[in-house]
Each structure stands twice: as C-alpha cells, then as structure tokens.
Amino acid sequence: MQALVKKKLNMIQTQNITFSYSRKVNFAFPDIQTQSGETLLITGGSGKGKTTLLHLLGGLLRPNNGTISIGETEISSLSEKQLDQFRGKNIGLVLQQSHFVEAFSVIENISMASWLATGKKSEEKAKSLLKQLDLEDQMHKLTSQLSIGQQQRVSIARALINEPKLLLADEPTSSLDDENAFKVADLLSDLSKEYKASLIIVTHDQRLKDRFSNQISL
Amino acid sequence: MITKLAWKNIWFKPLNTVLSVILLTASVAIISLLILLQEQFEKQFSSNIDGVDVVLGAQGSPLQLILSSVYQVDAPTGNISYDEAKVWMKHPFVKSAIPLAFGDNYRGFKIVGTTPEYLEKFGSKVSSGKIFNKNLEVVVGSEIAKKLNIKVGDKFFGSHGDALEGEVHEEFEYVVSGIASHTGKVVDNLILSNIQSVWLMHENHEHSETEENPDHGEEGHIHFEGDEHEHHDNGHEAHHENAISVSENGKEITAVLIKFKNKMGFVTWPRLVAQNTKMQAASPAVEINRLFSLFGIGLEALQYLAYGIMLISGISIFIALYNTLKERKYEFALLRVSGASRLQLLSLVLFESILLCFSGFVLGTIVGRIALVLISSTTNEQYKMTFDPFAFVWEKEGILFIVTIFVGILAALIPAIKAYRLNISKTLANA
C-alpha cells in the first residue's frame, strides 16, 4: 500500500500562477494538483478565467508568474519549439467545438495528430481507439459529415492517440444533449483512467458538476 | 504527411485550385511554346545558312531571295543569266559557288537543279544509290523518300512550277538514282537533279522568254504557266536521244550560293555585283537577323502577355489562400495543439502554393508541347518545317520553372507568415 501511494506522483502541479491580458484584466489562479487517472473539474462563472487557466495548463499561453509542472517538466522553461513538441506528446485537448482538418477523413485526422507528435502514423492504434468510441463505421468519412456528438468523440480519440499525461477539456459537453453529454463524460473519465492521464475539465455544465466530485471553483 | 495535407487541402477547394492551375498552365504553355518555337526556328534557320556567305540572284527583295534560295519557302525573285553569273562565280574572291535552278515539283516537293556540292554543303551524303550524273537523274531528300515511299530506281513525272496542281511534264520522266541521308535541314525536303535536267524540261521556251523572265518575280520558274508545250510533242523522241548534252548558251538559273575565301570578298564582292550587273547579292545572315528582329517584337509582346497571365495567377493563388485563412485558422490552431511547430504551418501554406505552381508548370509544359505538335503539322504541310516537341531548352525552361515557383512562394508569403504568427490561445478561446 505504501509503495502504491509513492508511485502516484503528482501529474500536474501549479504554483502561484498569474496571468494578465491587460492592466485591467488580471488573473491569479489557485494552485492545482492532480494525479494520474484522477479527474478535476474547474468551475466558475464566465469571465473568471477558466479557459485562460486551461490554456496555461496546455502551454498555449505562458503565465506571467508562477510555475506549471507536468510530470517532471517545468513547461515555462521550454522554448517555443520544445513546447510544441511537448504539447503534442503529453497534452490532449478537447474543446467545446470540435475543429478538424476538414480535408482529412476521421482516421486521417487522428493519425495526423500522432504523426505530428511522434513522427509515426499509428493507424492501428487510431482504429482501436475509434472502435472503443463506437466510431468504427465513420472512419473514412469527412469530419463534417458527422453529428456533433460524433465529432466530439473524434476529438477525444484525437486527444488520446498519443497517450498524453494530461487530458484537458474545455466545455466538452456544453453543446451536447443529455444523452451525448453523459456519454462523453463517461468516455473522458473511463479513457483517462485507462490511459493513466490526469483529466482536467473546465465547465459550467451542471450535468458534469453532478457527475464529478473533485472540483475547484474560480 | 505535410505533403499529403497540402495535397488534400488543395483539392478540398477544387474551384479555387482549378482556376489557379488553369491560369498557370496557360501562361506556362504560352511561354514554353514561345521558347521552343523561337529556339528551334532560329536553329533551323541558322543551320541552313552554314556555308553560304551571300546569295547571288535577280534583283528584288533580298529577304525574298534568301527565303527562296536558302530556305525554299518563298517564290524566287526571278532568274539570272547563267553566262553572266558564271563570270562572278569564277571571281578570285569566291571559294565555292553552287548554282540553283528551280523548275518543277513532284507532289509539292521542289525539284532543284544544282551540283552535287549542294548536297555536300548540308553535310548530306547519298545514303543509297548514287548521285545524279545524267540528265533526269535525281537524288531524293530523306523526308520525301520516307513520306512518299520512294526507292532507288523509281520513276516519276514532275509538275510544272512550284504549285502542286501544276501542269504535268509527261514527256520527261525522272529516275531516282539515289536517296540523300537525313540532315534535319531543307535538303531533306528537296529533289535534286543536275541543272541540265531543269533546262531540258523547259527548252525552247528560252528564246521567247529571256526578256520577260528576269523580272518575273511571281513564280520564278523558267517559263509561263500558260505556255503550250507543243514543242515537246514534236520533239519528244529527239529530246530523249540528245538529252545528255544541253547547251549552256543563253540559259538561265535562279540563284547561286556563294562562299568566299576570306572576309575581303564579303565586303567588296556584293558591291561589285551591285555596281556592274542587274543582279543582287544578299547576305543570309543579315536578312535572317532582320527577319528575327521583326519576329522578335511579336514574340516579346506575347511573352509579356504570358508573364502577365502568370502574375494574375499568382494574385489568384494569393487571394484563394488569404480568403481561406480565416476559415482555416482553427485548423492551424488545432495542428499547433497537436504538436505542429510554427515552421510546419509556414511550410504547409508555402507548400500548397508551390504544389499548385508545380502542377501548373508541368501541365503548361505538356500543353505547350501539344500546341507545338499542332503547329508543327501545319508548318510541315505548308513550309516543310517541323518542330520537335520532345526537345528541351534547359536553360530557358529552367528559368521559367524558377519564375513559376517564385510566383508561388511570393503569393503564399503573406498567408504563410500569418499562419506562422497565429495566436493559438486567442483563436481557440474565441471559437
């Protein structure tokens, strides 16, 4: 038991991060810690900087102060290019609205993400992931031919293809109906456990607040 | 993968792509066609000048004299007296002089009376059979032999003048004594005989026509179209027996190709001819330069037009890329999130444009050559001049290639930089 606890290192650890878009808009965020396989819900009204925090965690923005560690890497110390690579390999992102490379099919979109991060297309893995997400039949369709719920599941597949340490989701369910919202929530939670990724969801969706207990509010 | 993405992206908006590629293809096709035409045209013209310093012929347009006697494309300026010409052919400045006498044609191919030196001038040999040494023996150019399937020993009647429909000289039959080797020059499309054969064909006309003929610039043959050939009917048998010797007295030829021993001849000899005779001496090099400079203006204008089209296609690519940038910024942000670097996005946009330009270049090169084949078949019919569509003018077409790719890079530069500078966080947050 003791050994097991020791192995559970903090996957994500932030300290005193602040960010400002301008002099008037300043954010100071509470420290966050999560472990692999753990889910954290970040809630809060609009304008509180939920998305900003998510982008900071994903390395899309750099904080003014403070540190963000993912695994053993302090991401603010990385160069722009190293950060791109790190992001590709270690961070999966699911957004409120799914965006895709429109000219590519579902499977190509997923293997593209794998190729960008690792240089390999890993089509087999993409296929098994799509099977898990019940998208096997949509594999060769263009993403624009899918329903919104299906698109969101493709985003999840894409976010997970590189087995990231951290899975970030920005309002993943807000544009979905109840059935799809619960499906997506289950998938996110199950798959992040399976792939041993920390899951951080930013949301104001009551359905998710009811589902996940580990929450912080901004 | 970036290549594949660029390729798929191009075809995701086929209308934009097709427009840009069509414009590029058109401009590249025009330019490469012009390059090939100019190059091969000049080469063909220049190669035929080799060994000819000036041409001695009847007065008239010097360009016409050159075109008719060197290139066999125009009607001759008229005839000159052989006796008079001989004086100048034996002039001490002259190294070699090849007389030419035009008369008949066989199925549109000119029969030219000359000396075996004419064949040598073009570097051609008699590849099968032997050179003409009797009257009415002919050596057939390689192209004609191929097209009309003529073999040594074949016989045919010539038609009068240079028109295909000319009256047939049925009383004399030409005998093919040899086939000339291929040279790629005008001689491939000529039938050569000795000068006496031409005279023989048209004997007895001389007396009535000596006065009119020299000024007779239209057809340039030794007698009028409308002439009755009664004399041949009367003297048919006799002609055949005496055919071996035709008197040179009072006879006419069309032109003489002159090569000088040194530069002195080049300067003084033509002036002496102009001062002392009613003949003229024209320099093929000078006349052809004049012709090219006339052509040059037209070719240059076309070339500017083509580059103009290329500019427009560049603008069209720019607009297409710039317009889709707004829709594609999410895609770009997403690629960045998935681990793509700024440089990869930059190269993606550049690559799409370059791919368009490359396709345009390849298609244009092909279309240009198809056009050349079409032109070649027309010129072959009318002027016995062919162009080789498989020839490459590496230097000029290389420059064209670089220019095309450069247009592609230039058109994509601003969109590519915009993609490079894309703020991912802002793009995704405003989604």
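**Group meeting: a sheet in chain A, a helix pair in chain B**

Start with strand β4 of chain A, residues 39-43: 3 bridges join this strand to β10(A), and the two run parallel. Strands here are DSSP runs of E, at least two residues long, and helices are runs of H or I, at least four, numbered from the N terminus. Two strands pair if DSSP finds at least two bridges between them. One bridge partner: A:Thr43 goes with A:Ser217 in β10(A).

A word on the source. This is a predicted model: local features need pLDDT of at least 70, side-chain atom pairs count only at pLDDT 80 or more, and totals for chains, interfaces and linings use all residues. Residues are numbered from 1 along each chain as its sequence is written, while chains are lettered from A and ligands numbered from 1 in the order in which they are written.

Now the whole sheet. It is open, with 5 strands in the order β7-β8-β9-β4-β10 of chain A, and the pairing is parallel. At the edges sit β7 (91-94) and β10 (215-217) of chain A, each paired on one side only.

On to chain B. Helix α2(B), residues 14-49, and helix α12(B), residues 342-383, have axes that come within 6 Å and cross at roughly 45 degrees. Axes are lines fitted to C-alpha atoms, for helices over the stretch in contact; angles run from 0 to 180 degrees between N-to-C directions. Residues are in contact if their C-beta atoms, placed from the backbone, lie within 7 Å. So α2(B) and α12(B) are oblique to each other. That label covers angles that are not under 35 degrees, over 145 or 65 to 115.
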